[in-house]
Amino acid sequence: MTSRRNDLLRQPPTLQCTFVDERGRRCPERRRLELDHVEGFARTGKHAVDALRVLCRMHNQGAAEKMYGRTFMEAKRKGQLVPVRVPPSRSSPEPA
Ligand SMILES: [Zn+2]
């Protein structure tokens with residue numbers, strides 16, 4: 001299932017940020033590239049290979065800010081957010 005993802009990572013000559021601005025100019029960044037989850041990993045909770053795109057760090061941050069909101073991302077960067085994982089069967093502590 002990860003073959004396409006591996007393909008993306010294995011082709012450095014063609015790897016380039018896929019961000020296109022409002023004038024149709026593609027971002028020339030070829031370094032500091034990251035795989036972005038189009039649907040948002042925090043939303044779907046799964047890695048869908050068809051929903052991956054290559055973005056440079058700057059545009060990946062920008063896309064995440066658009067999706068989750070600037071306040072959320074700033075809080076996340078400052079470490080003010082705790083992971084949204086709830087441990088199983090811990091919500092009702094049993095009396096000792
Ligand atoms: Zn870019």
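Two residues count as being in contact if their C-beta atoms, placed from the backbone, lie within 7 Å. On that basis, residues 24 or more positions apart account for 50% of the contacts in the protein chain with a separation of 6 or more. The model here is a predicted one, in which local features need pLDDT of at least 70, side-chain atom pairs count only at pLDDT 80 or more, and totals for chains, interfaces and linings use all residues. Numbering starts from 1 along each chain, as its sequence is written.

A word on confidence comes next. pLDDT, the predictor's confidence in each residue on a scale from 0 to 100, averages 74 over the protein chain, and 54% of the residues score at least 70. Among the elements, β2 has the highest mean (86) and helix α2 (residues 41-44) the lowest (62). Where pLDDT is low, the predicted coordinates should not be read in detail.

As for the layout, the protein chain has 4 helices and 2 strands, taking DSSP runs of H or I (at least four residues) as helices and of E (at least two) as strands, numbered from the N terminus. From that end on, the order is α-β-α-β-α-α. Of the 96 residues, 9% count as buried, meaning that 20 or more other C-beta atoms lie within 10 Å of a residue's own (12 or fewer is exposed, anything in between partly exposed; C-beta atoms are placed from the backbone).

The largest nonpolar core (buried Ala, Val, Leu, Ile, Met, Phe, Trp, Tyr and Cys residues joined through C-beta atoms within 7 Å) is made up of 5 residues, namely C17, L33, V54, L55 and C56. Strand β2 (residues 52-56) supplies the largest share of this core, with 3 residues. Neighbours within four places in sequence aside, C56 touches C17, C27, E29, R32 and L33. R32 itself sits in the loop between α1 (3-10) and β1 and is exposed, with 11 other C-beta atoms within 10 Å. Its phi is positive, at about 55°, although R32 is not a glycine; most residues other than glycine have a negative phi.

Helix α3 (residues 57-68) has 12 residues and should span 16 Å at 1.5 Å a residue (times one less than the number of residues), which agrees with the 16 Å between its end C-alpha atoms. Its buried residues fall within an arc of 140° seen down the axis (taken from the directions from the helix axis to the C-beta atoms), so they line one face of the helix. H59, N60 and A64 are the buried residues in α3, and they pack against β1 (33-37), β2 and α4 (70-77). Just after α3, G69 takes a positive phi of about 95°.
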